[in-house]
Amino acid sequence: MNINLLLSLILSISVSMTTVLADKNMMIGSKGLPKDVNRVIKVKMYDNYYEPKNFDVKSGETIKFEVENLGGLVHEFNIGNAMMHKKHQPEMQRMVDNEILFADTLDREKMKKMSKMDKAMGHSHSNSVLLQPKEKQVLIWKFENAMDLEIACNVPGHYEVGMIATVNIKY
Ligand SMILES: [Cu+2]
């Protein structure tokens, strides 16, 4: 094995390890499996709030969220923490700038095309769903090693006006 190959191998291993560690440090839980679902919670999104506004979960529990957008605007259901939402907001603004995300509609075709060049434009995060009015989607989440969670909408302007739900985790 030549030295360059070895070096690139070591580099790629350390990069993937960093990714794993970063995910663990986020402490938001992880994507859940359908076979592990303990409970179903229906979530309705309106302009600009969630119903319910608070979620009570037990640590280790896997929840299936059935999310429906009953508002007139595009909304996001994103499980994260304050820091992650702050980081995600510029990505959402870029989706607006690139004419993918409009107030009441999404250009999913363009979203797919642009995601090939820029992953952030695909909005394919396992911890969130982005819905147009009248759309529904399911998100399964395992609340393990999670703390300081916020469920929020990062469509530009919505977080700022308080489209945030709290998550209480019982240990
Ligand atoms: Cu919203």
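**Exercise 1. Find the residue in strand 10 that is the bridge partner of Glu150, then work outwards to the sheet.**

Solution. Start with the bridge itself: Glu150 is partnered by Thr166 of strand 10. Keep in mind that we're working with a predicted model here.

Next, look at the two strands. Strand 9 covers residues 150-152 and strand 10 covers residues 164-170. They pair in the antiparallel sense, over three bridges.

Now widen the view. Five strands make up an open sheet, ordered 4-10-9-6-7, with mixed pairing. Strand 4 and strand 7 (128-131) sit at the edges; each has a single partner strand, so one side of each lacks a neighbour in the sheet. From one strand to the next, the twist averages 20°.

Last step: what packs on this sheet? Helix 2 does, touching strand 6 (75-80) and strand 9. The direction of helix 2 makes about 135° with that of strand 6.

**Exercise 2. Describe helix 2 (residues 82-97): its span, its bend and its buried residues.**

Solution. Begin with the span. Helix 2 has 16 residues, and from first C-alpha to last it reaches 23 Å. At 1.5 Å a residue you'd expect 22 Å, so the two values are close.

Then check the axis. There's a bend of about 25° at His88. Within four residues after that comes a proline, Pro90.

Now the burial. Met84, His88, Met92 and Met95 are buried in helix 2, each having 20 or more other C-beta atoms within 10 Å of its own. Why does that spacing make sense to look at? An α-helix has 3.6 residues a turn, so residues three or four places apart point the same way.

Finally, see what comes after the helix: Glu99 follows helix 2, and its phi is positive.

**Exercise 3. Two residues other than glycine, Glu99 and Asn145, have positive phi. Work out where each one sits and whether it is buried or exposed.**

Solution. Take Glu99 to begin with. Its phi is near 55°, and its place is the loop between helix 2 and helix 3 (108-115). Count neighbours: 10 other C-beta atoms lie within 10 Å of Glu99. The cut-off for exposed is 12 or fewer, so Glu99 is exposed.

On to Asn145. Phi is near 55° for this residue too, but Asn145 is placed in strand 8 (residues 136-146). With 14 other C-beta atoms within 10 Å, Asn145 falls between the cut-offs of 12 and 20, so it counts as partly exposed.

**Exercise 4. Which loops hold Asn48 and Pro52, and what is the omega of the peptide bond leading into each?**

Solution. Go along the chain. Asn48 belongs to the loop between strand 2 (39-46) and strand 3 (49-51). The bond from Asp47 to Asn48 is cis, and omega is near -5°.

Then comes Pro52, in the loop between strand 3 and strand 4 (54-58). The bond from Glu51 to Pro52 is cis as well, with omega near 0°.

**Exercise 5. Sum up the whole protein: how many helices and strands does it have, and what share of its residues is buried?**

Solution. Count the elements: three helices and 10 strands. For burial, 28% of the 171 residues qualify.

One more number for the contacts: among those with a separation of 6 or more, 78% come from residues 24 or more positions apart.

Terms used
Residues numbered from 1 in each chain as written. Predicted model: local features only at pLDDT ≥ 70, side-chain atom pairs only at ≥ 80, totals over all residues. Bend = angle between axes of the 7 residues up to and from the residue. Pairing = 2+ DSSP bridges. Axes fitted to C-alpha atoms, helices over the stretch in contact; angles between N-to-C directions. Contact = placed C-beta atoms within 7 Å.
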